[in-house]
Amino acid sequence: MTMSEVDKIRISAASAIERSRERRRPIGTKSVALRRQHLYKKLGRVLVAGGIVLIGAAVFGALIQPLGFIGLLALFILLIGVAVLFGRSPFPEPRQADLPKADLKQLAGRTEIWLEAQRPALPAPARQLVDGIGVQLDLLAPQLQTLDASSPAAANIRKLVGEDLPELVAGYQRIPAGLRTEAHAGRTPDETLVGGLKMLESEIGNAARSLAAGELDKLATRERYLQLKYQGIDGEDVPAS
């Protein structure tokens, strides 16, 4: 193996490790909280099931016959099986189609998790903006805990966070990698993505501040984010609805 081949392998391995790290890195605290909540629920199920097995074994040993060495070994194996069975459920990763229908109280966290999975495939400037959006989603999340899910403000938030943001990122990813730096209608897809993410980062921050100040009417009538409909990711104009 030549030196150049060794260098290529090393660079490829380093890139793979970096992508893996990028995928695991959270962009906000709410995604971490949701994953932690899922872990606690899983551990709770394991403990409850293990407790039932232990109580059953104790009753059997007290009323029927002592377990003995074989019985204790069988109990140990059964406890391991219970731990594997109830502890194997992975965290349900949200899909893009799930975000508009997510519980409003979990919308910020589930959007962060979805963005974390997409982040490694985005260009560097966009990844930095995604990190900033994670900060804004953290600021927005506390306001969503008490917001009426049927209010116009809630509908506006769902569209902004659960529809427009994921569609911008997903639309960029649907473009072949080789075409993302080619200009179309005066802008490259990379530039359109970065511009859209900047706008959305600002809008999410403004929404968080409006909710915190109790300005629901002001939030319900915000429409600047609709500019995204006129700046499609492929550079084509989209007619207003």
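These legends accompany several views of one predicted model. Local features are given where pLDDT is at least 70 and side-chain atom pairs at pLDDT 80 or more, while totals for chains, interfaces and linings use all residues. Numbering runs from 1 along each chain as its sequence is written, and side-chain values use heavy atoms, leaving out hydrogens and water.

**View 1. The whole chain is helical in its pattern, α-α-α-α-α-α-α-α.** Let's start with the overall picture: the protein chain has eight helices and zero strands (DSSP runs numbered from the N terminus, with H or I of at least four residues for helices and E of at least two for strands). Of its 241 residues, 37% are buried (under 20% relative accessible area with a 1.4 Å probe, protein chains only; exposed is over 50% and partly exposed is in between). Among contacts (heavy atoms within 4.5 Å) with a separation of 6 or more, 74% join residues 24 or more positions apart. About 14,000 Å² is exposed, 62% of it supplied by carbon and sulfur atoms (Shrake-Rupley method, 1.4 Å probe).

**View 2. The largest nonpolar core holds 36 residues.** Such a core is a set of buried Ala, Val, Leu, Ile, Met, Phe, Trp, Tyr and Cys residues joined through side-chain atoms within 4.5 Å. Leu-115, Leu-137, Leu-140, Leu-144, Ile-157, Leu-197 and Ile-204 have the most contacts inside it. Helix 4 (107-118), helix 5 (124-144), helix 6 (152-173) and helix 7 (189-212) each give two or more residues, and helix 6 supplies the largest share, 10 residues. A second, separate core has five residues, including Ala-49, Val-53, Ala-57 and Val-82.

**View 3. Leu-197 meets residues well outside its own stretch of sequence.** Leaving aside neighbours within four places in sequence, Leu-197 contacts Ala-126, Leu-129, Val-130, Ile-133, Leu-165, Leu-168 and Val-169.

**View 4. Helix 5 packs against several other helices through its buried residues.** Its 21 residues reach 30 Å from first C-alpha to last, close to the 30 Å expected at 1.5 Å a residue (1.5 Å times one less than the number of residues). Among its buried residues are Gly-132, Gly-134, Gln-136 and Asp-138, alongside Leu-137, Leu-140 and Leu-144. The packing partners are helix 2 (29-63), helix 4, helix 6 and helix 7.

**View 5. Two arginines lie over aromatic rings.** Arg-35 lies over the face of Phe-91, 5.0 Å from the ring centre, and the charged end of Arg-180 sits over the ring of Tyr-172, 4.6 Å from its centre. The criterion is NZ of Lys or CZ of Arg within 6 Å of the ring centre and within 35 degrees of the ring normal.
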